[in-house]
Amino acid sequence: MKRCCIIIICLFASMVLHAKTPDQVRSAFLYQMAKFIEFPDEDTKQSLIFCFYSLESGPASNLKNATKLSIRGKPITLIEAKKTWTYRELSSACDVTYIDETNENDILSAWTDTIESNMLTVGESIEFLERGGIAALVQEGSKIRLYINKQALNKQYFIVRSRLLAVSKFHPN
């Protein structure tokens, strides 16, 4: 009996050690999502650029610590975006831009005239999609779900492969 309790405790402890935080899951989602998106000008680029408003927290901190990540043979580069950048400036500098929920209101209010671009914008809430964002990694209970705004997606120049769309939920339906 004592031996059985020790085994159960060891199994539980190992499960706790392998539990992922929401930011770890979001960073993995961002990296995997980019694998299923074809950016029109990626052949001429040295790397695929992921922009974050903070490199020290959130998904960026996890990606920053990962080494040798590449997509279709190109390394990923992380850039810290400035809140003062316009949508045009951001889209010319970034392939993927992640905006966490704490920055959504500040950033999106400046994007009143979002334009077609090659940039994937990813947020954390349904409200982000309603305000023109393309994708959102929404926490629902203990899970992170990928939502896509089809209307915003149709205005972009990049191509999303069907395998990514198959695992996504759409908002609005």
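These legends accompany close-up views of a predicted model.

**Figure 1. The protein chain is built from eight helices and ten strands.** The protein chain counts 173 residues, and 40% of them are buried. About 10100 Å² of the protein chain is exposed. Carbon and sulfur atoms supply 55% of that exposed surface. Take the contacts between residues at least 6 apart in sequence: 61% of them join residues at least 24 apart.

**Figure 2. The largest nonpolar core holds 30 residues.** Phe-50, Leu-120 and Val-122 have the most contacts inside this core. Helices α2 (22-35), α3 (58-65) and α7 (150-153) each supply at least two of its residues. So much is also true of strands β2 (48-52), β5 (96-98), β6 (120-123), β7 (135-140) and β8 (143-148). Helix α2 gives the most, with four residues. A separate core of 15 residues lies apart from this one. Ile-49, Ala-81, Val-138 and Tyr-147 are among the members of that other core. In soluble globular proteins, nonpolar side chains tend to be buried together.

**Figure 3. Phe-50 is one of the residues with the most contacts inside the largest core.** The contacts listed here leave aside neighbours within four places in sequence. Phe-50 meets Leu-30, Tyr-31 and Ala-34. It also contacts Leu-63, Ile-71 and Val-96. The run Ile-76, Thr-77, Leu-78 and Ile-79 completes the list for Phe-50.

**Figure 4. Helix α3 packs through its buried residues against α2, β2, β4 (74-80) and β5.** The buried residues of α3 are Gly-58, Pro-59, Ala-60, Ser-61 and Leu-63. Leu-63 is also a contact of Phe-50.

**Figure 5. Cys-51 and Cys-94 form a disulfide.** A search of the whole structure finds one such link. The two sulfur atoms are 1.9 Å apart. The link is left-handed, with -90 degrees about the S-S bond. Cys-51 sits in strand β2, and Cys-94 sits in the loop between α4 (87-93) and β5, so the pair ties together parts that are 43 residues apart in sequence. Buried or exposed? Cys-51 has 0% relative accessibility, so it counts as buried. Cys-94 is buried too, with a relative accessible area of 2%.

**Figure 6. Leu-48 is a buried residue of strand β2.** Its relative accessibility is 1%, which lies under the 20% cut-off, so Leu-48 counts as buried. The C-alpha atoms of Leu-48 and Pro-75 are separated by 6.4 Å, though these residues are 27 apart along the chain. Residues up to four places away in sequence are not counted in the contacts that follow. Leu-48 touches Phe-39, Glu-42 and Asp-95. It also touches Ile-71 and Arg-72. Pro-75, Ile-76 and Thr-77 are contacts of Leu-48 as well.

**Figure 7. Arg-72 has a positive phi although it is not a glycine.** The angle is about 50 degrees. Arg-72 is placed in the loop between β3 (70-71) and β4. Its relative accessibility is 35%, between the limits of 20% and 50%, so Arg-72 counts as partly exposed. Arg-72 is among the residues touched by Leu-48.

**Figure 8. Ala-135 is a buried residue of strand β7.** Its relative accessibility is 1%. Ala-135 and Tyr-147 are twelve residues apart along the chain, with C-alpha atoms separated by 5.6 Å. Not counting residues up to four places away in sequence, Ala-135 touches Met-33, Phe-128 and Leu-129. It also touches Leu-120, Thr-121, Val-122 and Gly-123. Leu-146, Tyr-147 and Ile-148 are contacts of Ala-135 too.

**Figure 9. The structure holds one cavity of 30 Å³ or more.** Rolling a probe the size of a water molecule over the atoms shows where empty space is left. The largest cavity contains about 40 Å³ of space. Which residues line the largest cavity? Met-33, Ile-37, Leu-120, Ile-134 and Ala-135 are among them. The lining also includes Ile-148, Leu-153, Phe-158, Val-160 and Leu-164.

**Figure 10. A cis peptide bond joins His-171 to Pro-172.** Omega is near -10 degrees. Pro-172 lies in the segment after β10 (169-170).

Conventions. Residues numbered from 1 in each chain as written. Predicted model: local features only at pLDDT ≥ 70, side-chain atom pairs only at ≥ 80, totals over all residues. Heavy atoms only, no water. Core = buried A, V, L, I, M, F, W, Y, C linked by side-chain atoms within 4.5 Å. Buried < 20%, exposed > 50% of the residue type's maximum accessible area, 1.4 Å probe, protein only. Contact = heavy atoms within 4.5 Å. Areas by Shrake-Rupley, 256 points an atom, 1.4 Å probe, with all protein chains shown as cover. Disulfide = S-S within 2.5 Å. 1 Å grid on protein atoms, 1.4 Å probe; cavity = no way out; pocket = protein on both sides within 12 Å on 5 of 7 lines; lining within 4 Å. Points joined across faces, edges and corners; volume = space filled by probe spheres on them.
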